[in-house]
Amino acid sequence: MSIKKIFNADDFGISQGVNAAIIKAHEEGILNGASLMINQKYAPEAVEYAKRHPELEIGLHLNLTNEKPAAEATQIPLLVDASGKLKNGFVNLLLLSLLKPDEFSQQAEIEIRAQVEKYLHKGLNLQHIDGHRHVHLIPAVFKIICRLQEEYAVPRIRVMNENVFNTVRQNKSKSWLFDGGLIKYVILRFLTWWNGYKSDVYFYTILYTCKISRDLFNNVKIPQGYNAVEIMIHPGMPEIDRQHPEDVWDENILSPYRTVELKTLLDKKVKDGID
């Protein structure tokens with residue numbers, strides 16, 4: 001039986017250029033999944049496209065780090081600044097979850113539930129949950145998501161179960177030694193182990209996050225015991241987003257690798273390199 005291959009684009013709704021790239025990659029390439037940032041300016045455009053294309057597997061890209069929350073700012077003072085915007089990065093959220101566990105868990109659940117409800121209110125099926133900046137893997141956050149998975153019958157939560165030795169054997173690029181990829185892998189792999197959540201979906205390419213090129217898909221072997229493989233990818237069209245600098249709050253949106261990842265998705269032979 002052939003393994004299901006999920007090419008999932010993160011950040012749907014974050015900008016005009018990212019939306020355009022995701023749409024192009026789905027219509028002309030191999031993209032078959034996307035994670036929606038429901039509290040972003042261009043989320044409505046993404047929602048309308050998703051409704052017209054039910055074959056695109058859509059899930060929630062939980063965002064606890066940037067821009068406006070879905071809940072009232074007064075309900076989540078730990079998470080927002082004086083202007084009412086989400087203010088904490090991954091490390092600060094992790095520290096808050098350890099230093100103020102009860103307060104953090106209560107407020108995090110308010111915001112996470114608000115994002116889930118806002119997503120469902122748009123009439124979309126919630127087919128998976130993952131997190132912007134991987135915040136969903138913070139143990140206190142992950143516990144909340146697991147409860148909501150059961151409550152809302154969500155089929156899948158993204159976990160970092162990638163076998164680093166398997167990945168390194170298959171790829172010549174050692175960029176992960178110099179760009180923080182290995183550190184990210186170690187942290188996220190540890191948190192996945194700590195959370196104790198088992199998935200039948202294998203995750204591939206965390207070592208090369210935001211640098212997913214065609215050459216990473218040459219005779220990729222997925223370990224036994226998995227029914228599917230997920231490739232997280234971040235396509236974009238920086239040339240569009242440069243025309244709207246007022247909307248760019250994350251410089252990664254303008255990264256040239258966004259274009260590389262779009263080109264990867266437009267190569268229909270890429271999926272044939274995964275077995």
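These exercises work through one helix, three strands and the cysteines of a predicted model.

Residues are numbered from 1 along each chain as its sequence is written. Local features need pLDDT of at least 70, side-chain atom pairs count only at pLDDT 80 or more, totals for chains, interfaces and linings use all residues, and side-chain values use heavy atoms, without hydrogens and water.

**Exercise 1.** Check the span of helix H1 (residues 16-28).

Solution. Helices are DSSP runs of H or I, at least four residues; strands are runs of E, at least two; both are numbered from the N terminus. The expected span is 1.5 Å times one less than the number of residues. For the 13 residues of H1 that gives 18 Å. The end C-alpha atoms are 18 Å apart, so the two agree.

**Exercise 2.** Find what the buried residues of H1 pack against.

Solution. Buried means under 20% relative accessible area, exposed over 50%, partly exposed in between (1.4 Å probe, protein chains only). Buried residues of H1 include Val 18, Ile 22 and Ala 25. Contact means heavy atoms within 4.5 Å. The partners include strand S1 (4-12) and helix H9 (257-266).

**Exercise 3.** Place strand S3 (residues 57-62) among its neighbours.

Solution. Six of the six residues of S3 are buried, so S3 is largely enclosed by the rest of the structure. Strands pair if DSSP finds at least two bridges between them. S2 pairs with S3 in the parallel sense over four bridges. Gly 33 faces Glu 57 there. S4 (residues 128-131) runs parallel to S3, joined by three bridges. Leu 62 has Gly 131 as its bridge partner.

**Exercise 4.** Classify Cys 146 by accessibility.

Solution. Its relative accessibility is 25%, so Cys 146 counts as partly exposed.
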